[in-house]
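User: Please take a close look at the second largest pocket of this protein and describe its lining in detail. I would also like to see that pocket set against the other spaces in the model and against the overall form of the chain.

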Amino acid sequence: MKISYNWLKQFIKTDWTSEQTSELLTDLGLEVEVVEKYESIKGGLAGVVVGHVLTCEKHPDADRLKVTTVNIGLEAPVQIVCGAANVAAGQKVPVATIGTVLYDKDGAEFTIKKGKIRGQESHGMICAEDELGLGKSHDGIMVLAEDLVPGTPASEVFQIANDEVFEIGLTPNRADAMSHFGTARDLRAGMLQRGVNIELITPSVSNFRVDMRTLKIDVNVEDNHLAPRYCGVTISGISVHESPSWLQDRLKAIGLTPKNNIVDVTNYVLHELGQPLHAFDAAKINGKIIVKTATEGTKFVTLDDVERTLHKEDLMICDEKGPLCIAGVFGGKKSGVSEGTTSIFLESAYFDPVSIRKTAKRHQLSTDASFRFERGIDPTITEYALKRAALLIQEVAGGKITSDVVEVYPKKVEDFSVLLNFSHVSKIIGQEIPKDTIKKILVSLDIKVNSVSDTGLGLTIPAYRVDVQREIDVIEEILRVYGYNNINFSKKFNATVANSPRTEDYKVQNVIASQLNSQGFHEIMANSLTTAAYAKLSTSLKEEHNVSMLNPLSSDLATLRQSLLFSGLEAVSYNINRKNSDLKLFEFGKTYHKYLNGYEEHKHLSLLVSGNRNKESWTSAQKTTDFFLLKGYVKAILSRLGIEKIGNAPVQSDVYSEGTAITYNNDILVEMGVVKKPILKHFGIKQDVYYADFNWDLVLKIITGKIKYTEIPKYPEVRRDLALLIDQSTTYESIFNLAKQTEKTLLKDVNLFDVYQGDKLPEGKKSYALSFTIQDNTKTLTDAQIDKIMSKLQQTFETELGATLR
């Protein structure tokens, strides 16, 4: 939000510098981010003076140039070569002296320098109005009034407006400060607290009067909840043209482009008082004004020439033939003010903030009016702002007030009542503030003190302070005006240590992230917003489950992701395209889903592995990443978390060409595998990518149990090996499970340490070399016990799997 300091001083007369004022505004919570200089003419015509042309002769070497001598207020006149056809002796003209910086039509600066033109010296430039930024004409030089004194600065002749503009980073809750008047009101409260007793000046509307009652337009508000207060008045005999320079300068200073005098006045009052207004061409209104919600599907063309389809909940300003304006948001093309307008209906209203916000979001419109309406404006100034605007329109556009003010205000918007306890103020602020100071601050904020007791105050909060409805809000107001810098800090340092369980999400994440980092992984954090088109890449994702944004920045950021895979593949593709193809990436993130019974979000851990396992080196051969490497990383994570009782199941997601799932009590814990080629092709990836997706919510649920510790066995373990000749279709998993079932007590581990397949074996056979670890926690095993166990295992393998010893 931009605030003009000159404009601000119309409400509060102060001699403070802009630095002092911006510092106080920042202390009050209206943070001034920057203070910019504003000049109605860029450069302020610095270096441009009034000159008196003494002589004017034809250039000896150029037909179109003239050599002049000009008195610019110095001891001696200067010679200037000029190409304008209308230059003549005796004229008073604007002269840009040596060193003056001027600006062309594109804003690029150029400096006036001493030079020679066709052999004649030139000490400055006699200027046309477009060269000074005073107009668009370049037909010739400007000829000034004859009574001007040579050497007079042009800035004095043309009354250049200079201003300082505060750029305030306004927080959304401070709807009361979204105007120059609101900012001045806060500034006065801050000054009073600092001992500067100053008056808040409001523009007078005492001159408002009805000139004649010749154009009455009735108003019918059908929904008083959506439009609690509505005012209007007609003004006839106006002339629509450019605004006077003072009004244009006010608007330009805060970044607005002047349109015409009627529109400029409505914008002026909007930024002056914070009350949005709208002017309708009265000749285009058929019958009376009707404030009502739209008919579903109605087509309506707004001022920006866009045809919009109205929603049944959109509040509209209509006449007896149809809609004229989207209430509080945007005007209509057909009813707007044009150069031919001679009479207007001026509207000032208070609309329901929630309704305006929904309509603005629905139509993707954000205007100065909707910005204020949807945050809550002051319902008490509706009529006052209307009269203020009407008087300004009469001043700049002429005309007469031709109707009484029509007002529909069936139920007054009530102020808020709050009880303030002094002990709560001291407790929250951490310092006792004198009771008289508290009351003084509250009164300066227009908060009425109804009752006073030893323990507290009974307060009435004005309706425009929509952000102050609770005791804690009042305490915050007291503190910001009193000054955060005035609160003393205790020399005693108090600290508390929060006791959180070891299974707290962030702790577990840190453990696993550290482990993955040590294994060469890099963490990524992808955007949760993505494109809806990704749901089409997998049948396991449904487009109807997409959570879509109401007001997306772009189609690529229109939907919350259903999977971490695609944003991860974007990172993989980005790195590969920059010659970084050996990748190990992981991400902790959430997915978002829309179902019939509502919305859900789920936490995941994803791993992405692609390229070579290690960098090229003369000491070791390069080896590409494979599925088993990914599986090892997954098993290492589960082992680190102490998750042991797991099973296997077919992978359910169709993003994998090959894959497997790890289960826990029949729930899918991890899915992992090789990403399908068509999906990789969509991202321009030509190398294999291995992907693992952890159900992190289930992980956290599993590890919440207590840790159980067992004593290290006193008795030694024994290892025995078997080399088995088995069928090609036999898996290591089947051997492992069969061994565990055969010897449930003493068999501690089974490990596959060698696989052989070749022409020296019978067709359809392969050789597995397995080690078996056997241990009794109560005694030392004998050779007889060990041999018995191994014989039983060998017999089981031969019977169940058709295995033979090699």
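Analyst: The second largest pocket is lined by 33 residues, and those that lie nearest its centre are Ser40, Ile41, Gly133, Leu134 and Gly135. The elements that give two or more residues to this lining are the strand β7 (101-103) and the helices α3 (129-132) and α6 (245-253). Of the elements, α6 supplies the largest share of the lining, namely four residues. By class, the lining of the second largest pocket has 13 nonpolar residues, together with ten polar and ten charged ones. The volume of the second largest pocket is about 920 Å³. The model examined here is a predicted one, and every value in this account is computed from it.

The largest pocket offers a point of reference. Its volume is about 1,100 Å³, and its lining consists of 24 residues. Nearest the centre of the largest pocket lie Lys631, Lys635, Asn648, Tyr732 and Glu733. Five elements are named as giving two or more residues to that lining: α16 (627-640), β34 (647-649), β35 (656-664), α19 (732-742) and β39 (747-756). Among these, α16 gives the most, with six residues. In the largest pocket, the lining divides into ten nonpolar, nine polar and five charged residues, whereas the lining of the second largest pocket has ten charged residues.

Closed spaces complete the account of the interior. A probe the size of a water molecule, rolled over the atoms, shows where empty space is left. Counted in this way, there are three cavities of 30 Å³ or more. The largest cavity holds about 120 Å³ of space. Its lining is formed by 14 residues, with Ala175, Asp176, Leu273, Gly274 and Asp378 nearest the centre. Seven of the residues that line the largest cavity are nonpolar, three are polar and four are charged.

The second largest cavity has a volume of about 100 Å³. It is lined by 14 residues, and Thr530, Tyr534, Arg561, Gln562 and Phe566 lie nearest its centre. Two elements, β31 (559-560) and α15 (565-576), give two or more residues to the lining of the second largest cavity. Six nonpolar residues, seven polar residues and one charged residue make up that lining.

These spaces belong to a protein whose secondary structure comes to 20 helices and 41 strands. The radius of gyration of the protein is 40 Å, well over the 28 Å that the globule rule gives for 806 residues, and the protein is therefore more spread out than a compact globule. Along the principal axes, the C-alpha trace spans about 130 × 85 × 70 Å. Buried residues account for 47% of the 806 residues. Of the contacts between residues at least 6 apart in sequence, 69% join residues at least 24 apart. The accessible surface of the protein comes to about 42,200 Å², and carbon and sulfur atoms hold 48% of that surface.

To return to the part requested: the second largest pocket, with its volume of about 920 Å³, has Ser40 and Ile41 among the residues nearest its centre, and α6 gives four residues to its lining.

Methods:
Residues numbered from 1 in each chain as written. Predicted model: local features only at pLDDT ≥ 70, side-chain atom pairs only at ≥ 80, totals over all residues. Heavy atoms only, no water. 1 Å grid on protein atoms, 1.4 Å probe; cavity = no way out; pocket = protein on both sides within 12 Å on 5 of 7 lines; lining within 4 Å. Points joined across faces, edges and corners; volume = space filled by probe spheres on them. Nonpolar A, V, L, I, M, F, W, Y, C, P; charged D, E, K, R; others polar. Rg over C-alpha atoms; globule rule 2.2 N^0.38 Å. Buried < 20%, exposed > 50% of the residue type's maximum accessible area, 1.4 Å probe, protein only. Contact = heavy atoms within 4.5 Å. Areas by Shrake-Rupley, 256 points an atom, 1.4 Å probe, with all protein chains shown as cover.
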